[in-house]
Amino acid sequence: MNIVTIDAGTTNTRTLLWRDGLVVAQAQQETGVRNTAIDGHNGALKQALRETMASVLASAGIAPSAVELVLASGMISSPMGVQEVPHVPAPAGLAQLAQAMQAVDLPDVLAQPLWLIPGVRNQHGAIGLHNVEAMDMMRGEETEVVGLLQRLQLRGAATLIMPGSHTKLVSVDEQGRILGCATTIAGELLQAISQHTLIRQSLDGEFADVLVPKMLLAGAVAAQKTGLARACFSVRTLGQFSAVERNERANFLMGAVLSGDLLALRNSTAIQMRPDTTLVITGKPMLRQALTLLIEEHGFFYGKRIVVDDAQQANMAGHGALLIAAARGLIPLREAA
């Protein structure tokens, strides 16, 4: 079968063409629902869908009619996407996600119906100051979680740490169901501080490129002791009055920002993790390394730690989408293996 999976988020749209469980073509554009928010309509998102679809078909040398199924996950199912699909309340696993999928016809974009995979929200009623910290939601990460759990063959409860523009902390149970999530904007903060504040001059607007454990840990300690804002200014002080190099200063800032993720991991009522919980750490190599080191040195966490490698997390969203489609009965399970 020729199956297309689309991972359309806030800033990027990534389209993969699968055959027999393998990726045979892929295309990506820096277009997402952010463009909808800016433009007031989803025209740019639809154009990205058309163009990435045409690109993968051309690369594979097949006609649009040869595609038998198109699946999509991420912010594409939000009000700023192509059609809103309500979040599934936690606990939610393969069965719940598959049942809640919705097909939408987009004749100006695709020749086939587009099957949208819903997001997941924490199970809470009316939200107010008394319980807002326990509430959270995701669109896209749920599909990545499904794919990753299958690849890792994980058994037992765990918390997944998924850093990116936003860090998602996702709690799963022994059945592989998502119990809840907590979100931070650590990645966005790191970018904003590095490139859009006075600190930019001390970092040349760049991020850390080589891990320096001593500086990473020092930044985390500084943020915990005197706060993130003060730790950030210390980056400028180090640049003006010390021999500390740019990459070391960038490590200090990264440690200060990521220390907030550890606070959320330890204290958020949205996931309610225990110190002996198995932790699964994903993301880009630098963030994986940094978070792993911070967790090892923190002292609170003593459960098993699984650091995911690049091969294990490759095309996670597409792989998860295939598994969810198989659970819905849209494709044979062998197509998702």
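The questions and answers below concern selected features of a predicted model.

Reader: In what order do the 3 strands of the open sheet lie?
Author: The pairing within this open sheet is mixed. Strand S5, residues 88–89, and strand S9, residues 137–138, are its edge strands, and each of these pairs on one side only. The order of the 3 strands is therefore S5-S8-S9.

Reader: Which residue in S9 stands opposite Val120?
Author: Strand S8, covering residues 120–121, is joined to S9 by 2 bridges, and these two strands run antiparallel. Within S9, the residue that stands opposite Val120 is Met138.

Reader: Where does Gly125 lie, and is Gly125 buried or exposed?
Author: Gly125 is found in the loop between S8 and S9. Its C-alpha atom is separated by 19 Å from that of Thr183, a residue 58 places away along the chain. Because exposure requires a relative accessible area over 50%, and Gly125 has 59%, Gly125 counts as exposed.

Reader: Which residue in S3 is the bridge partner of Thr15?
Author: Strands S2 and S3 pair in the antiparallel sense, over 7 bridges, and they form a hairpin with 2 residues between them. In S3, the bridge partner of Thr15 is Ala27.

Reader: What is the phi of Asp20, and where does this residue lie?
Author: Asp20 is placed in the loop between strand S2, residues 13–19, and strand S3, residues 22–29, which is the turn of the hairpin that these strands form. With a relative accessible area of 53%, Asp20 is exposed. Although Asp20 is not a glycine, its phi is positive, at about 55°.

Reader: How exposed is Gln153, the other residue to be considered for its positive phi?
Author: Gln153 lies in the loop between helix H4, residues 141–152, and strand S10, residues 158–162, and its phi is near 55°, a positive value in a residue other than glycine. Because the partly exposed class lies between 20% and 50%, Gln153 is partly exposed, with a relative accessible area of 44%.

Reader: Which peptide bond is cis, and what is its omega?
Author: The bond in question leads into Pro91, whose place is in the loop between S5 and helix H3, residues 94–100. This cis peptide bond runs from Ala90 to Pro91, with omega near 5°.

Reader: Which helices do the buried residues of H8 pack against?
Author: Helix H8 spans residues 228–241 and has 14 residues, reaching 20 Å from its first C-alpha to its last, which is close to the 20 Å expected at 1.5 Å a residue. Its buried residues are Ala231, Cys232, Ser234, Val235 and Arg236. These buried residues pack against helix H5 (186–196), helix H6 (200–203), helix H7 (213–226) and helix H9 (246–267).

Reader: Which element gives the largest share of the lining of the second largest pocket?
Author: The second largest pocket holds about 320 Å³ of space. Its lining has 17 residues, of which Leu94, Leu149, Gln150, Gln175 and Gly176 lie nearest the centre. The largest share of this lining, 3 residues, comes from H4.

Reader: How many residues of each class line the second largest pocket?
Author: Gln150 and Gly176, which are among the lining residues nearest the centre, both count as polar, because the polar class includes Gly. By class, the lining has 7 nonpolar, 6 polar and 4 charged residues.

Technical notes: Residues are numbered from 1 along each chain as its sequence is written. This is a predicted model: local features need pLDDT of at least 70, side-chain atom pairs count only at pLDDT 80 or more; totals for chains, interfaces and linings use all residues. Side-chain values use heavy atoms; hydrogens and water are left out. Two strands pair if DSSP finds at least two bridges between them. Helices (H or I, at least four residues) and strands (E, at least two) are DSSP runs, numbered from the N terminus. Buried means under 20% relative accessible area, exposed over 50%, partly exposed in between (1.4 Å probe, protein chains only). The expected span of a helix is 1.5 Å times one less than its number of residues. Contact means heavy atoms within 4.5 Å. On a 1 Å grid over the protein atoms alone, a cavity is a set of points where a 1.4 Å probe fits but cannot get out, and a pocket is an open set with protein on both sides within 12 Å along at least five of seven lines; lining residues have an atom within 4 Å of a point. Grid points are joined across faces, edges and corners, and a volume is the space filled by probe spheres set on the points.
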